[in-house]
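Please open the structure in your viewer and keep the sequence at hand. The stops below are meant to be followed in order, with one selection at each.

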Amino acid sequence: MTKSDRLLPVHRLFGRTVKQFWQRKGLYLWIVAIVVVPFQAIGAVVHDDALTSATLNAFSTMAIAIFMNLALIYAIMAVRAGQPVKAKLAYYEASAGAVRFIVVCLLLSFMLIPAALGGFVYLVGSYAPFGLSGSIGELLLIGLVALMVTLPSAWLLVRFSLSVVAVAIDGSLPLVALRRSRELTLGRFWRVSGRLIVMLLSLLLIVVIAYIPSALLGFVVKDGIVLNAIYLAFFNLLAIPFINLYQINLYQDLARVPVVPKAKRVKGGQGTAAAA
């Protein structure tokens, strides 16, 4: 296997993502800011009205998950193709694939059902009125059972999470995008898992980075809800472009390196052993 036939090491995948984000940070931040900043600002102003605040948060979350991510993916792919792109064009083009993207997101949400059940098992099992003493041994046992219930969600998400990229980049139908994601991860489950874990760990770094300006503003702004809105705005401005860039890089890297069927891998290994 030549060097070009291997997946990028995790550190190179991470470094490429950071570099690409920095090179076009103005475009990516502007696409995110169009949605994030107004809704966080409105939510901070009307926070006394719980219903209005909850409605705004729900709507902004939905907008972020659909149109903003699609607009970002369109902008990223246009930049890579050397095409001129502006935020308004990215949002316009994103609307074409919104329905397919929504369907894929709904299908992925069903895969989280085992994780929700695992969380429910842990909460119920550790609840004192059920007669448990709350000892470390009992909590560890409950946590182990909850983890076993949750594992199917982790497996499904590793296999199918890249379908959101497939449906946006390739314009695939939802089920075709799910199948494409599965094909790209066959024989690569642990390598893909490791790369997705690095992406999640990167979010922890972004949490710290986004907290810094919020903490500094805390010396001037005393309203906790306003500070939380500022923090969420900073976090989303950094996290959403990074996640999209990282997933696109991972998807294209997996697509670049052909998947070797299991039968051929076994046969090739036996041939190598025999030759040795």
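Is Thr17 buried or exposed? Thr17 is buried, with a relative accessible area of 0%. Before going further, please keep in mind that this is a predicted model, and that the stops that follow describe that model.

**The whole chain**

Show the whole chain as a cartoon, and you will find twelve helices and zero strands, so that, by the way helices and strands are assigned here, the elements run α-α-α-α-α-α-α-α-α-α-α-α from the N terminus on. If you then colour the chain by accessibility, buried residues should make up 36% of the 276 residues. Contacts can be viewed in a similar way: of those in the chain with a separation of 6 or more, 78% are accounted for by residues 24 or more positions apart.

**Thr17 in helix H1**

Now select Thr17 itself, which lies in helix H1, residues 10-23. Show the side chains around Thr17 and, leaving aside its neighbours within four places in sequence, you will find it in contact with Phe242, Leu245, Tyr246 and Asn249.

**The largest nonpolar core**

Next, select Tyr28, Ile31, Val32, Met68, Ala75, Leu108 and Leu254, which are the residues with the most contacts inside the largest nonpolar core, a set of 60 residues. Helix H11, residues 224-256, gives the most to this core, with 13 residues.

Stay with Ile31, which lies in helix H2, residues 25-45, and which counts as buried at 0% relative accessibility. Which residues surround Ile31, leaving aside its neighbours within four places in sequence? Ile31 is in contact with Met68, Ala71, Leu72, Ala75, Ala87, Ala90 and Tyr91. One of these partners can be followed along the chain, since the C-alpha atoms of Ile31 and Met68 are separated by 7.0 Å although the two residues are 37 residues apart along the chain.

Then move to Leu254, which touches Leu7, Leu162, Leu184, Arg188 and Val192, not counting residues up to four places away in sequence.

**From Leu254 to Val192**

Select Val192 next, which is found in helix H10 and is buried, with a relative accessible area of 1%. Setting aside residues up to four places away in sequence, Val192 touches Val158, Thr185 and Leu254. Add Leu250 to the selection as well, and a distance between C-alpha atoms will read 8.3 Å for Val192 and Leu250, which are 58 residues apart in sequence.

**Helix H7 and its two partners**

Two packed helices are described by the angle between their axes and the distance between the axes, and both values can be followed at this stop.

Select helix H7, residues 136-160, together with helix H10, residues 189-217, which pack at an angle of about 95° with their axes 10 Å apart. Angles of 65 to 115 degrees count as roughly perpendicular, and therefore H7 is described as roughly perpendicular to H10. To see the contact itself, show Trp155, Val158 and Arg159 of H7 with Phe189, Val192, Ser193 and Leu196 of H10; these residues divide into five nonpolar, one polar and one charged.

Now keep H7 on screen and replace H10 with H9, whose axis comes within 7 Å of the axis of H7 and crosses it at roughly 95°. That makes H7 roughly perpendicular to H9. Here Val158, Arg159 and Phe160 in H7 meet Leu178, Ser181, Arg182 and Thr185 in H9, and the residues of this contact divide into three nonpolar, two polar and two charged.

**The salt bridges**

How many salt bridges does the count come to? The count comes to two salt bridges.

For one of them, select Arg180 and Glu183, whose side chains meet at 3.9 Å, N to O. Being three residues apart in helix H9, residues 174-185, these two are separated by about one helical turn. Arg180 counts as partly exposed at 28% relative accessibility, and Glu183 is partly exposed, with a relative accessible area of 34%.

For the last stop, select Asp253 and Arg256, whose side chains meet in a salt bridge at 2.6 Å, N to O, and which are likewise separated by about one helical turn, being three residues apart in helix H11. Asp253 counts as buried at 4% relative accessibility, whereas Arg256 is partly exposed, with a relative accessible area of 39%.

How values were computed
Residues numbered from 1 in each chain as written. Predicted model: local features only at pLDDT ≥ 70, side-chain atom pairs only at ≥ 80, totals over all residues. Heavy atoms only, no water. Core = buried A, V, L, I, M, F, W, Y, C linked by side-chain atoms within 4.5 Å. Buried < 20%, exposed > 50% of the residue type's maximum accessible area, 1.4 Å probe, protein only. Helix = DSSP H or I, 4+ residues; strand = E, 2+ residues; numbered from the N terminus. Contact = heavy atoms within 4.5 Å. Axes fitted to C-alpha atoms, helices over the stretch in contact; angles between N-to-C directions. Parallel < 35°, antiparallel > 145°, perpendicular 65-115°, else oblique. Nonpolar A, V, L, I, M, F, W, Y, C, P; charged D, E, K, R; others polar. Salt bridge = Lys/Arg side-chain N within 4 Å of Asp/Glu carboxyl O.
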